[in-house]
Amino acid sequence: MSIFVRIRDILSANINALLDNAEDPEKMANEYLRQLHNQEYEVKTNVAAAMADLARLNRLEAQYLAETESWDRKAEAALRAGDEALARAALARKVQAQKLYEQYRDQSDAQEKQVEQLEQALVQLQTRVAEVQAKRDLIIAKKNRAQTQESIQRTVRQATRISAMDKLDQLESRVDERLDRAEAMAKLEGDTLENKFRNLERETAVDAEFEELKRRLGQG
């Protein structure tokens, strides 16, 4: 498969659709980035090779152009010297050199266009790499934020549950309630008929002692 076809296919892929349909978008983005980096390396290698070929073709083009001009000057010099045979031989070499020059010129022109295409493809790939990296980083940021938010929600849910202090407050309330009932029962028991008679007898004895004391003191 042509490298340009592979580049076209990988660039035509809808990154948003790929990530939306993925079970693990981060993993999918990392895999897609791996493919892009591999393709980027291959394109760079091809660009370097194409540029090297272009430099070689340019050198040969310049070489045969120089030979063409050189044989033309030699033919002119031979004809001035009156040596037509030598002039014709020089022109034959000129024609040969010029043909090679034109062939290498055409090849170098075509190679230059291919280098430009490969460089454009490399730029497109690098742009896609930056796009996918930014998308991957955004996914990771959202994932981390979601995890933080979930942790906060768990903390809030736990904080809204009955705490240990709430439990102690409830126990204290129940103890206070039992104490209130015990005091009420003691008060009720103090108001029974037997207690009232015992209190009356105690008060009567006190009154008798009081009257005896007054009599002894002559106050009765």
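Is arginine 128 buried or exposed? In this predicted model, arginine 128 is buried, because its relative accessible area is 11%, and buried means under 20%. That residue is a handy place to start, and the passage returns to it below, after a look at the overall fold.

The secondary structure is pleasantly simple to describe: the chain has six helices and zero strands. Read from start to finish along the sequence, the pattern is α-α-α-α-α-α. The chain has 220 residues, of which 20% count as buried.

Helix 3 covers residues 25-80. With 56 residues at 1.5 Å a residue, helix 3 should span 82 Å, and the distance between its end C-alpha atoms is 81 Å, so expectation and model agree. After helix 3 comes glycine 82, which has a positive phi, near 85°. Helix 4 then takes up residues 84-160.

Several pairs of residues show how helix 4 is placed relative to earlier parts of the chain. Leucine 86, which belongs to helix 4, is 10 residues away from glutamate 76 in sequence, and their C-alpha atoms are 9.8 Å apart in space. Leucine 86 counts as partly exposed because its relative accessible area is 48%, a value between the 20% and 50% limits. Further along helix 4 comes aspartate 106. Its C-alpha atom is separated by 9.0 Å from that of glutamate 61, although their positions lie 45 residues apart along the chain. Aspartate 106 is partly exposed too, with a relative accessible area of 44%. Isoleucine 139, another residue of helix 4, pairs up with alanine 29: the two are 110 residues apart along the chain, yet their C-alpha atoms are separated by 9.0 Å. Isoleucine 139 has a relative accessibility of 18% and therefore counts as buried.

Charged side chains add another layer to the picture. How many salt bridges does a search of the whole structure find? The search finds nine. One of them joins lysine 143 and glutamate 26, with N and O 3.2 Å apart. This pair connects distant parts of the chain, since lysine 143 sits in helix 4 and glutamate 26 in helix 3, 117 residues away. Lysine 143 has 39% relative accessibility, so it counts as partly exposed.

Other salt bridges lie within a single helix. In helix 3, the side chains of lysine 44 and glutamate 40 meet at 3.8 Å, N to O. These two residues are separated by about one helical turn because they are four residues apart in helix 3. The reasoning behind this is general: an α-helix has 3.6 residues a turn, so residues three or four places apart point the same way. The partners have contrasting surroundings: lysine 44 is partly exposed at 42% relative accessibility, whereas glutamate 40 is buried at 12%.

Here arginine 128 returns. It forms a salt bridge with glutamate 131, and the closest N and O atoms are 3.2 Å apart. Both residues lie in helix 4, three residues apart, which is about one turn of the helix. Glutamate 131 counts as partly exposed, given its relative accessibility of 37%, while arginine 128 is buried at 11%.

Which residues form a negative surface patch? The patch consists of Asp169, Glu172, Asp176, Asp180 and Glu183. One of these, glutamate 183, is found in helix 5, which covers residues 164-190. Glutamate 183 counts as partly exposed because its relative accessibility is 48%. That value also satisfies the requirement that patch residues have over 30% relative accessible area.

Taken together, the model shows a chain of six helices and zero strands. Helix 3 and helix 4 are linked by the salt bridge between lysine 143 and glutamate 26, and a negative patch on the surface includes glutamate 183.

Methods. Residues are numbered from 1 along each chain as its sequence is written. This is a predicted model: local features need pLDDT of at least 70, side-chain atom pairs count only at pLDDT 80 or more; totals for chains, interfaces and linings use all residues. Side-chain values use heavy atoms; hydrogens and water are left out. Patches are made of residues with over 30% relative accessible area and no salt bridge: like charges are joined within 9 Å, nonpolar side chains (Val, Leu, Ile, Met, Phe, Trp, Tyr) within 5 Å. Accessible areas come from the Shrake-Rupley method with a 1.4 Å probe; for residues, only the protein chains shown count as cover. A salt bridge is a side-chain nitrogen of Lys or Arg within 4 Å of a carboxyl oxygen of Asp or Glu. Lys and Arg count as positive and Asp and Glu as negative; His and the chain ends are not counted. The place of a charge is taken as NZ of Lys, CZ of Arg, CG of Asp or CD of Glu. Buried means under 20% relative accessible area, exposed over 50%, partly exposed in between (1.4 Å probe, protein chains only). The expected span of a helix is 1.5 Å times one less than its number of residues.
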